[in-house]
Amino acid sequence: MEITHLDKIELLGLTGEELERFVTGDLGESKFRAAQIGQWLARGADIDGMTNLSAALRARLSEIAVANPVRIMECYKSKLDETEKFLYALPDGNLIEGVLMRYHHGDTLCVSTQVGCRMGCAFCASTLEGRVRNLTPGEILGQVAAANRHIQASDPERRVHNIVLMGSGEPLDNYDNVVKFLRLVNDPKGMNISLRNISLSTCGLVRRMYDFAKEGLPVTLSLSLHAPNDEIRRKIMPVANAYPYSEVLTACKYYIEQTGRRVIFEYALIKDLNSDVRHAEELARRLRGMRCHVNLIPLNDVKERKLEAPSRQTVEAFLKRLELKHISATVRREMGADIEGACGQLRRKVLESVE
Ligand code: SAH
């Protein structure tokens, strides 16, 4: 695979201040130039497209920098709904995935934060080969910029409106880069996406959850719970050995207090493991009184693992029991089922086919 951009500065990953310092310092240009470049970056332009810069400056800039390190290599469109799946190429040849979903409240992009993942959850395709590396802030933001460019090619009015950090990787295991990304994407001079339209999903790195609650960023926290107790959680999520269930819930309560936002619990229903009505009862007891919502996800089968989704009736019965116990819950609608919509699945397929 071609190796490009390595060791180049990722302009998208710079704050306004950093960009200004780079343009006035390294390039010896004016503040005005920095502002022009900033405007182009916000529009998703590449360096060649920055047409109000001289050709000489563009050439010099291209030697040491890249606007967006992320390139859409392949795009698959679902025939069932309007979901699109992207396979992105990174400068060092690594691949990551993203999913764009069209909802009535706007386009929602699912973004990756790491190549691979080291959390080791038993049901997840992203973690099968461990963590390859963290993504840079420019690579996380670059996914949004690339998706915007892609959709605006056919409809200039459309743009990514909501972001979920639910692609491959554990966002809180790449803490500094993810926090910088959140500040960048929210910059009024940049993409200006409201933090309230962003969800960060974590498997529950408790210490980092406290740090994150103190950042003052009003993003929605999604917590991958997937079990009603420690015993079951430990069977499928190694992180449960580091942080007991009760500590995870206490950290969620702290997040709710600090941000005033409800927490979303993700619960993948797995046949013969966590999907019985007595598990729903136990879950309801644990979550009683919390400002939260439970997202039930019938497991997406991962062919490398022997875990499967339960029957439809089992899913319905689980949902009913939670509702009966006054826990707000929904079953997540499956999108893009024909294009490997679930995280990590597409990248693996591509890697398998080239191996
Ligand atoms: N590392 C983060 C975010 C990435 S995964 C986290 O753990 O939350 C996004 C969500 O998809 C998580 O809730 C994860 O547990 C879930 N997930 C992963 N594999 C799945 C599968 N095969 N079926 C259903 N949900 C899955």
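This passage walks through a predicted model, from its nonpolar core to its ligand site and then to individual residues.

A convenient place to begin is the interior. The largest nonpolar core of the predicted model has 102 residues. Within this core, the residues that touch the most other members are I163, L182, F212, F265, L287, V294 and L322. V294 offers a good view of how such a residue is surrounded. Beyond its neighbours within four places in sequence, V294 is in contact with F265, Y267, L283 and L287, and its contacts also include L322, I327, S328, A329 and T330. Three of these partners, F265, L287 and L322, are themselves named among the core residues that touch the most other members.

Helix α5 also takes part in this picture, since L182 belongs to the core and is one of the buried residues of α5. The helix runs over residues 175-186, and its 12 residues should span 16 Å at 1.5 Å a residue. The C-alpha atoms at its two ends are 17 Å apart, so the model agrees with the expected span. Buried positions in α5 are Y175, V178, V179, F181, L182, L184 and V185. A general point helps in reading that list: an α-helix has 3.6 residues a turn, so residues three or four places apart point the same way. The cover over the buried residues of α5 includes the helices α4 (137-154) and α6 (206-213), together with the strands β9 (160-165) and β10 (198-202). D176, also in helix α5, presents the opposite case: D176 counts as exposed because its relative accessibility is 58%, over the 50% cut-off. Between D176 and T136, which are 40 residues apart in sequence, the C-alpha to C-alpha separation is 9.4 Å.

The ligand comes next. It is surrounded by 18 residues, of which the closest are F123, S201, S224, H226 and N300. S201 places a polar side-chain atom 2.6 Å from an oxygen atom of the ligand. The backbone contributes as well: a polar backbone atom of G169 is 3.0 Å from a nitrogen atom of the ligand, and a backbone N or O atom of C203 lies 3.5 Å from a ligand oxygen atom. Taken alone, the ligand exposes 540 Å², and the protein buries 93% of that area.

Several strand residues are worth a closer look. In strand β4 (residues 84-89) sits A89, which counts as buried because its relative accessibility is 4%, under the 20% cut-off. Setting aside neighbours within four places in sequence, A89 is in contact with P69, V70, R71, M73, N94 and L95. One of these partners, R71, is 18 residues away along the chain, and the C-alpha atoms of A89 and R71 are separated by 5.3 Å. E97, in strand β5 (residues 95-103), is a charged residue that is likewise buried, with 6% relative accessibility. The side chain of E97 makes a polar contact of 2.5 Å with the side chain of K85.

D107 follows in strand β6 (residues 106-110). With a relative accessible area of 6%, D107 is buried. Residues up to four places away in sequence aside, D107 touches L100, M101 and R102. Its other contacts are I151, R158, R159, V160, H161 and N162.

Outside the strands, two loop residues draw attention through their backbone angles. N192, in the loop between α5 and β10, has a positive phi of about 60° although it is not a glycine. H326 is also not a glycine, and its phi is positive at about 65°; H326 is placed in the loop between α11 (312-324) and β14 (329-331). As for accessibility, N192 is partly exposed, with a relative accessible area of 43%, whereas H326 is exposed, with a relative accessible area of 73%.

Finally, helix α9 (residues 245-259) contains K253. At 39% relative accessibility, K253 counts as partly exposed. K253 and M119 are 134 residues apart along the chain, and their C-alpha atoms are separated by 23 Å.

Conventions:
Residues are numbered from 1 along each chain as its sequence is written. This is a predicted model: local features need pLDDT of at least 70, side-chain atom pairs count only at pLDDT 80 or more; totals for chains, interfaces and linings use all residues. Side-chain values use heavy atoms; hydrogens and water are left out. A nonpolar core is a set of buried Ala, Val, Leu, Ile, Met, Phe, Trp, Tyr and Cys residues joined through side-chain atoms within 4.5 Å. Buried means under 20% relative accessible area, exposed over 50%, partly exposed in between (1.4 Å probe, protein chains only). Contact means heavy atoms within 4.5 Å. Helices (H or I, at least four residues) and strands (E, at least two) are DSSP runs, numbered from the N terminus. The expected span of a helix is 1.5 Å times one less than its number of residues. A residue is near a molecule or strand if one of its heavy atoms lies within 4 Å of it. A polar contact is a pair of N or O atoms within 3.5 Å; within protein, one must be able to donate a hydrogen and the other to accept it, and residues adjacent in sequence count only if both atoms are side-chain atoms. Accessible areas come from the Shrake-Rupley method with a 1.4 Å probe; for residues, only the protein chains shown count as cover.
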